[in-house]
Amino acid sequence: MAQVYQVLGSSLVPIDARYEVKGTSVIFYSRGGTIGKNARNTQYTMGLEILLQRILTADAAILGVWVDSKEVQRLELRERQILGPAEMIDGPTDEAVARIHHLLTSRMAGVGRAPMARGPGNRTRRIRIELSGAFSEDSLVTLLNGGVRLEDSPSDTDTASSELLDADDLCFEGTPPESMNILREVLARSNKEQRHLKKVLLKGKTMGPCCICGTFLPDTLLVAAHIKKRSQCTTGEREDYSNVGALMCALGCDALFERGLIIVDRDGIIRKGSKLKSTLRIPKVEEVLDVQCAAYTEGNKNYFAWHQHYHAR
Ligand SMILES: [Zn+2]
């Protein structure tokens, strides 16, 4: 039997959407049943969007997408193809993802339908997404997990934004027990490291300043953010506690920094990130622009440079 994976949403939380990997194909499962009665893959739409976003972000070209449900297996491939290679557009922008998502769902509704059929048709069917390139199953699953290898640690952004995660919160019906055990181990390791990082940054105190906006806050409102993404750090960098992390407030600064909407430049000054659309006005951003980042030091300037470079892509 094929190994079934659950789509990981933000904060490494598995959502109710599943897929399997066959060679360079991703088989995304249909939604079915009714809520309260054998409902499965109820978060189909969100799951598909997340996978498309990750495929586009990784620059993995989609060669084609086909409806793969049992009732259309009799049809020729070209009759159930719902996306061709020429329709791929550049970049992992939200617009590109939304456009492909829309094409897929609107076209799948029409595949194999009787000419006189009424209603909108089924937009949550089993589909096969064929990718170009040589992937091992592991590397493809890692790509679809947004860079998180299950046997590795979750990325810093996951733990940074939601602080410590509790594996029991992640117990979803249908998650294979072995996956839950791996998740538990990963979370335990990551949470321990996160707690330690915060302790180092707070220097044993229970309050501290946000290094971006300067607000003095109790530790429950401060996040030990990784300046360089935790998942991208070498072991040595991960253990470089006094430099790799910085205290940011959970009132906005952590989220802005984590998403690259603000960066810290070579002089330690907070600037707009290139991800921030120039027309967008966010009060919290305006408040901190052109201000010196209080945490900027010789020791962490290369991590800040990494963050700026990473989000300039
Ligand atoms: Zn702040």
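Helices here are DSSP runs of H or I at least four residues long, numbered from the N terminus. Keep that numbering in mind on this tour. The model on your screen is predicted.

**Stop 1: helix 1**

Select D59. This residue comes just after helix 1 and takes a positive phi of about 60°. Now step back and select helix 1 itself, residues 44-57. How far apart are its end C-alpha atoms? They are 20 Å apart. At 1.5 Å a residue, the 14 residues of the helix should span 20 Å, so the model agrees with the expected value.

Next, colour the buried residues of this helix. They are Y44, G47, L48, I50, L51, L52, R54, I55 and L56. As you look along a helix, remember that an α-helix has 3.6 residues a turn, so residues three or four places apart point the same way.

**Stop 2: the largest nonpolar core**

Stay with helix 1 and show the side chains around it. The largest nonpolar core has 37 residues. Which members touch the most others? Select Y19, F28, I127, I129 and L144. Helix 1 gives the most to this core, with seven residues.

Pick I127 and show what surrounds it. Leaving aside neighbours within four places in sequence, I127 is in contact with eleven named partners you can click through: V26, I27, F28, Y44, L48, V65, W66, V67, D68, I82 and M108. Apart from this core lies another, of 32 residues. Its members include L197, I212, A246 and C293.

**Stop 3: aromatic pairs**

Go back to F28 and add Y44. Their rings form a tilted aromatic pair, 4.9 Å centre to centre, with 55° between the planes. F28 lies in strand 3 (residues 25-28) and Y44 in helix 1, so the pair ties together parts that are 16 residues apart in sequence. Are these two residues buried or exposed? F28 counts as buried, at 0% relative accessibility. Y44 is buried too, with a relative accessible area of 1%.

Now select Y296 and F304. They form another tilted pair, 5.6 Å centre to centre, with 45° between the planes. Both are buried. Add F257 to the selection: F257, Y296 and F304 form one aromatic cluster. The count for the structure comes to five aromatic pairs.

**Stop 4: a charge over a ring**

Select W66 and R128. The charged end of R128 sits over the ring of W66, 5.0 Å from the ring's centre.

**Stop 5: salt bridges**

Side chains of opposite charge can pair when their charged atoms come close. The structure holds twelve salt bridges.

Begin with E20 and K22. Their side chains meet in a salt bridge of 3.9 Å, N to O. E20 counts as buried, at 6% relative accessibility.

Move on to R80 and D68. The closest N and O atoms of this salt bridge are 3.9 Å apart. Both residues lie in the loop between strand 6 (62-67) and strand 7 (81-83), so the pair ties together parts that are twelve residues apart in sequence. R80 counts as buried at 7% relative accessibility, and D68 counts as buried at 10%. Add R126 to the view. D68, R80 and R126 are linked in a network of salt bridges.

Now select E71 and R125. They form a salt bridge, with the closest N and O atoms 3.7 Å apart. E71 lies in the loop between strand 6 and strand 7, and R125 in the loop between helix 2 (94-108) and strand 8 (127-131), so the pair ties together parts that are 54 residues apart in sequence. How buried or exposed is each partner? E71 is partly exposed, with a relative accessible area of 49%. R125 counts as buried, at 7% relative accessibility.

**Stop 6: helix 3**

Select helix 3, residues 137-144. Its buried residues are L140, V141, T142, L143 and L144. What covers them? The cover includes strand 1 (4-8), strand 2 (14-22), strand 3, helix 1 and strand 8. Then click G146, just after helix 3. This residue takes a positive phi of about 75°.

**Stop 7: out to N38**

Finish with N38, found in strand 5 (residues 37-40). Is N38 buried or exposed? At 65% relative accessibility, N38 counts as exposed, because exposed means over 50%. Show its contacts. Leaving aside neighbours within four places in sequence, N38 is in contact with G32 and G33.

Conventions: Residues numbered from 1 in each chain as written. Predicted model: local features only at pLDDT ≥ 70, side-chain atom pairs only at ≥ 80, totals over all residues. Heavy atoms only, no water. Core = buried A, V, L, I, M, F, W, Y, C linked by side-chain atoms within 4.5 Å. Buried < 20%, exposed > 50% of the residue type's maximum accessible area, 1.4 Å probe, protein only. Helix = DSSP H or I, 4+ residues; strand = E, 2+ residues; numbered from the N terminus. Contact = heavy atoms within 4.5 Å. Expected span 1.5 Å × (residues − 1). Salt bridge = Lys/Arg side-chain N within 4 Å of Asp/Glu carboxyl O. Phe/Tyr/Trp six-rings, centres within 6.5 Å; stacked < 30°, edge-to-face > 60°. Lys NZ or Arg CZ within 6 Å of the ring centre and 35° of its normal.
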